[in-house]
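Here are some short exercises to work through with the model open beside you. Try each task before reading its solution.

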Amino acid sequence: MPIGMYIVYHQMGNFVSCEKVVRDTARSGGDMLEMALTPDSQRQKILIQRIDRTLKDDRSWFVQNDGSPYYVGNSTPLKDYESLLQCWKDLKQSPSREKALQCWTEARSLTFAVERLNTLTFTSIRNKMFLTMILSVILLLLLVYVVRYYMYHQVCKGIVHSPEEGLHDREYCRLSLTQLCAQAERSERPLSTTRIDVKKIPGHRVEVYAKILTKLGDVLKETTRLSDVVCRIQDDTFFILMPNTDQEGAEMAVKRIHTLLNKRFEKEKDKIEIEVGSFTLKEGEKCNDFWKRSIKRHA
C-alpha cells in the first residue's frame with residue numbers, strides 16, 4: 001500500500017504541473033494572436049517577453065512527458081511543442097495575421113491535447129487508487145485469515161490429552177462436534193461418531209495399561225481419515241468424529257476398526273477388552289443431545 005500511495009502521490013504532482021501547461025499554452029496562443037494584431041509596440045514587447053518565458057519554462061514538461069501513452073495530439077508532446085515554438089520564431093521575425101492565426105491554431109490544438117492527456121492521467125490515478133485500496137483490503141483480509149489459521153492450529157496443538165499421543169481432549173472434541181453439527185445442518189450431510197471403550201482386566205501394572213492406551217491412540221490416528229477428529233475424552237475412552245459419514249458408513253468403520261484393533265492387540269487380550277460403537281446424528285436432533293447419546297455408556 002505505501003508503494004501504491006507513493007505512485008499516486010507522484011502522479012498527482014504531474015497532474016498539477018500539467019494543469020499549469022494547459023493554462024500557459026492557451027494563454028500563449030492568445031498572446032501570439034494579440035501580438036500580431038496590436039499596433040502598440042510597447043505592448044508587443046511585453047507579449048514577446050511573456051511568450052518566450054512561458055515556452056522556455058514549459059519545455060521541461062514536454063520533454064518529461066514525451067512518451068506518455070495518453071497523448072492524443074498530431075505527433076508526440078515534444079514534437080508538437082517544437083512545432084509551436086518554430087511557428088512562434090517565424091512569427092517574431094515577420095509578424096502577420098496569417099502566421100499569427102496559424103500559431104494560435106497550433107497552440108489551441110496543443111492545449112486540447114495536453115488537457116486530454118491530463119484528463120486521462122487523472123482517470124488513471126483514480127483507477128490506480130481504487131486498485132490499491134482493493135488490493136490493500138484483500139491483503140489485509142488474507143493476513144487476518146493467515147493469523148487466525150495459525151493461531152487456531154497453535155491452540156489446537158496445545159489442547160491435547162496426552163503429549164505422547166497428541167490426541168485432542170474432551171472439551172475440544174465437544175466444540176468440534178458443535179461445529180460439525182452446524183455444518184451438517186447447513187449442507188444436509190450426514191455426521192457420525194465412533195466411541196472406543198477400553199476395559200482393563202485387573203492383575204497388571206498401571207504402566208502396562210498406559211503403554212497399551214498410548215499404542216491404541218497411535219493406531220487410531222493411523223487408520224482414520226484426514227477429515228476425522230480423534231480424541232481421548234476419558235482415560236479409557238477414545239472418540240472419533242466422522243463428518244460426511246452416514247449410519248451405514250459408520251457401521252462399516254466400526255467393523256474395520258474393531259477388526260484392526262483385535263489384530264493389533266491380539267497379544268494384549270488378557271489385559272484389556274475393547275468395545276467399539278457408532279452413533280449417527282438423527283434428523284432434527286440437537287447437537288447437545290447427540291453428544292450426550294454418543295458418550296453415554298450402557299451398563
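Helix pairs whose axes make an angle under 35 degrees count as roughly parallel, those over 145 as roughly antiparallel, those from 65 to 115 as roughly perpendicular, and the rest as oblique. Keep in mind throughout that this is a predicted model.

**Exercise 1. Get an overview**

Task: Find how many helices and strands the protein chain has, and in what pattern they follow one another along the sequence.

Solution. Start with the count: the protein chain contains eight helices and six strands. Next, walk along the sequence, where the pattern reads α-α-α-α-β-β-α-β-α-β-β-α-β-α. Then turn to burial: of the 299 residues in the protein chain, 38% are buried. Finally, take the contacts between residues at least 6 apart in sequence; 67% of these join residues at least 24 apart.

**Exercise 2. Classify the packing of H6 and H7**

Task: Decide how helix H6 (residues 206-223) and helix H7 (residues 247-264) are oriented, and list the residues that meet.

Solution. First, look at the geometry: the two axes cross at roughly 135° and come within 11 Å. Second, apply the classes above: H6 and H7 are therefore oblique to each other. Third, check the hand, which is right-handed for this crossing. Fourth, read off the contact. From H6 come Lys215, Leu216, Val219, Leu220, Glu222 and Thr223, and they meet Arg256, Ile257, Leu260, Leu261 and Arg264 of H7. Sorted by class, the contact of H6 with H7 has six nonpolar, one polar and four charged residues.

**Exercise 3. Do the same for H5 and H8**

Task: Work out at what angle helix H5 (residues 170-187) and helix H8 (residues 287-295) pack, and which residues make the contact.

Solution. Begin with the angle, about 135°, and the axes, which are 10 Å apart. That makes H5 oblique to H8. The crossing of H5 over H8 is right-handed. On the H5 side, the contact is made by Arg170, Cys173, Arg174, Leu177, Thr178 and Cys181, while H8 contributes Cys287, Phe290, Trp291 and Ile295. These residues of the contact of H5 with H8 divide into seven nonpolar, one polar and two charged.

**Exercise 4. Turn to H2 and H3**

Task: Say whether H2 and H3 are roughly parallel or roughly antiparallel, and give the hand of their crossing.

Solution. The angle between H2 and H3 is about 165°, and their axes lie 10 Å apart. H2 and H3 are therefore roughly antiparallel to each other. H2 passes H3 in a left-handed crossing. In H2, the residues that take part are Ile48, Ile51, Asp52, Leu55, Lys56, Arg59, Phe62 and Val63; in H3 they are Pro77, Leu78, Tyr81, Glu82, Leu84, Leu85, Trp88 and Lys92. By class, the contact of H2 with H3 counts 11 nonpolar, no polar and five charged residues.

**Exercise 5. Examine an aromatic pair**

Task: Describe the ring pair of phenylalanine 62 and tyrosine 81, and say which helices hold the two residues.

Solution. A pair of aromatic rings is described by the distance of the centres and the angle of the planes. The count comes to four aromatic pairs. In one of them, phenylalanine 62 and tyrosine 81 are stacked, with 4.8 Å centre to centre and 20° between the planes. Phenylalanine 62 lies in helix H2 (residues 41-64) and tyrosine 81 in helix H3 (residues 77-93), so the pair ties together parts that are 19 residues apart in sequence. Both phenylalanine 62 and tyrosine 81 are buried. Ring pairs also link Trp61, Phe62 and Tyr81 into a cluster.

Now compare a residue of H3 with another environment: lysine 79 lies in this helix and is exposed, with a relative accessible area of 52%. From C-alpha to C-alpha, lysine 79 and phenylalanine 62 are 8.8 Å apart in space, and they are 17 residues apart in sequence.

**Exercise 6. Look at two positive phi angles**

Task: Locate glutamate 188 and asparagine 244, and say whether each is buried, partly exposed or exposed.

Solution. Take glutamate 188 first: its phi is positive, about 55°, although it is not a glycine. Glutamate 188 sits in the loop between H5 and strand E3 (191-200) and is exposed, at a relative accessible area of 72%. Asparagine 244, likewise not a glycine, has a positive phi of about 60°. Asparagine 244 lies in the loop between strand E5 (237-243) and H7, and at 47% relative accessibility it counts as partly exposed.

Terms used
Residues are numbered from 1 along each chain as its sequence is written. This is a predicted model: local features need pLDDT of at least 70, side-chain atom pairs count only at pLDDT 80 or more; totals for chains, interfaces and linings use all residues. Side-chain values use heavy atoms; hydrogens and water are left out. Axes are lines fitted to C-alpha atoms, for helices over the stretch in contact, and angles run from 0 to 180 degrees between N-to-C directions. Helices (H or I, at least four residues) and strands (E, at least two) are DSSP runs, numbered from the N terminus. A crossing is left-handed if the near helix is turned anticlockwise from the far one by less than a right angle, and right-handed if clockwise. Contact means heavy atoms within 4.5 Å. Ala, Val, Leu, Ile, Met, Phe, Trp, Tyr, Cys and Pro count as nonpolar, Asp, Glu, Lys and Arg as charged, and the others, Gly among them, as polar. Rings of Phe, Tyr and Trp (its six-membered ring) pair if their centres lie within 6.5 Å; planes under 30 degrees apart count as stacked, over 60 as edge-to-face and the rest as tilted. Buried means under 20% relative accessible area, exposed over 50%, partly exposed in between (1.4 Å probe, protein chains only).
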